[in-house]
Amino acid sequence: MATWSHRTVTSTRQEWEVPATRPWGACLGDIQSAILAASNAYREAHGLPEDHQLWDDALRLHVTDEAILISFTTEEAAA
């Protein structure tokens with residue numbers, strides 16, 4: 001009898017990109033707006049109520065040369 005199994009998982013990463021070109025960088029209002037939009041999308045994707053506080057690791061922020069990326073990833077079993 002096999003002691004292993006196989007599955008295929010599909011990952012979807014949603015991203016919000018805030019321009020942060022040199023020398024000025026990104027505006028705080030733009031970052032806050034993108035975080036709010038990402039937070040709302042995270043709650044919707046996970047079926048959480050609007051007033052549910054997000055966990056510390058719910059969203060990821062990544063700095064590139066010209067932008068700040070805010071993202072989260074969801075996974076589901078492939079059909």
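His-62 stands opposite Leu-69 in strand S3, and that pairing is a good way into the exercises below. The model is predicted: local features need pLDDT of at least 70, side-chain atom pairs count only at pLDDT 80 or more, and totals for chains, interfaces and linings use all residues. Residues are numbered from 1 along each chain as its sequence is written, and side-chain values use heavy atoms, with hydrogens and water left out.

**Exercise 1. Find out how confident the prediction is.**

Step 1. Begin with the score itself: pLDDT is the predictor's confidence in each residue, from 0 to 100.

Step 2. Take the whole protein. Its average pLDDT is 94, and 100% of the residues score at least 70.

Step 3. Now go through the elements. Helices (H or I, at least four residues) and strands (E, at least two) are DSSP runs, numbered from the N terminus. Confidence is lowest in S3, with a mean of 95, and highest in H1, with 97.

**Exercise 2. Work out how the sheet is put together.**

Step 1. Set the criterion: two strands pair if DSSP finds at least two bridges between them.

Step 2. Read off the order. Three strands make an open sheet, S1-S3-S2, with antiparallel pairing.

Step 3. Look at the edges. S1 and strand S2 (60-63) each have a single partner strand, so one side of each is left without a neighbour in the sheet.

Step 4. Check each pairing. S1 and S3 are joined in the antiparallel sense over 11 bridges; here Gln-14 stands opposite Phe-72 in S3, and Thr-12 opposite Thr-74 in S3. S2 and S3 also pair in the antiparallel sense, over four bridges, and a hairpin of three residues joins S2 to S3.

Step 5. Stay with Thr-74 for a moment. At 19% relative accessibility Thr-74 counts as buried (buried means under 20% relative accessible area, exposed over 50%, partly exposed in between, with a 1.4 Å probe and protein chains only). Not counting residues up to four places away in sequence, Thr-74 touches Thr-10, Ser-11, Thr-12, Ala-45 and His-46, where contact means heavy atoms within 4.5 Å.

**Exercise 3. Place the helix against the sheet.**

Step 1. Test the length of H1. The helix has 18 residues and reaches 25 Å from its first C-alpha to its last, close to the 26 Å expected at 1.5 Å a residue (the expected span is 1.5 Å times one less than the number of residues).

Step 2. Find its direction. H1 lies across S1 and S3 and runs at about 5° to S3; axes are lines fitted to C-alpha atoms, for helices over the stretch in contact, and angles run from 0 to 180 degrees between N-to-C directions.

Step 3. List what is covered. The buried residues of H1 are Ile-31, Ala-34, Ala-38, Ser-39, Ala-41, Tyr-42 and Arg-43, and they pack against S1 and S3.

Step 4. See what comes after the helix: H1 is followed by Gly-47, whose phi is positive, near 65°.

**Exercise 4. Classify the aromatic pairs and trace what they link.**

Step 1. Fix the cut-offs. Rings of Phe, Tyr and Trp (its six-membered ring) pair if their centres lie within 6.5 Å; planes under 30 degrees apart count as stacked, over 60 as edge-to-face and the rest as tilted.

Step 2. Search the whole structure: two aromatic pairs turn up. In one of them, the rings of Trp-16 and Phe-72 have centres 5.9 Å apart and planes at 25°, so this pair is stacked. Trp-16 sits in strand S1 (residues 9-19) and Phe-72 in strand S3 (residues 67-77), 56 residues apart, which makes this a link between distant parts of the chain.

Step 3. Turn to the other pair. The rings of Tyr-42 and Phe-72 have centres 5.2 Å apart and planes at 80°, so the pair is edge-to-face. Tyr-42 belongs to helix H1 (residues 28-45) and Phe-72 to strand S3, so the pair ties together parts that are 30 residues apart in sequence.

Step 4. Put the pairs together: they link Trp-16, Tyr-42 and Phe-72 into a cluster.

Step 5. Check the burial. Trp-16 is buried, Tyr-42 is buried at 10% relative accessible area, and Phe-72 is buried at 3%.

**Exercise 5. Find what Ala-58 touches.**

Step 1. Locate Ala-58 in the loop between H1 and S2, where its relative accessible area of 7% makes it buried.

Step 2. Leave aside neighbours within four places in sequence: Ala-58 is then in contact with Tyr-42, Ser-71 and Phe-72.

Step 3. Add a distance. Ala-58 and Phe-72 are 14 residues apart along the chain, and their C-alpha atoms are separated by 6.6 Å.
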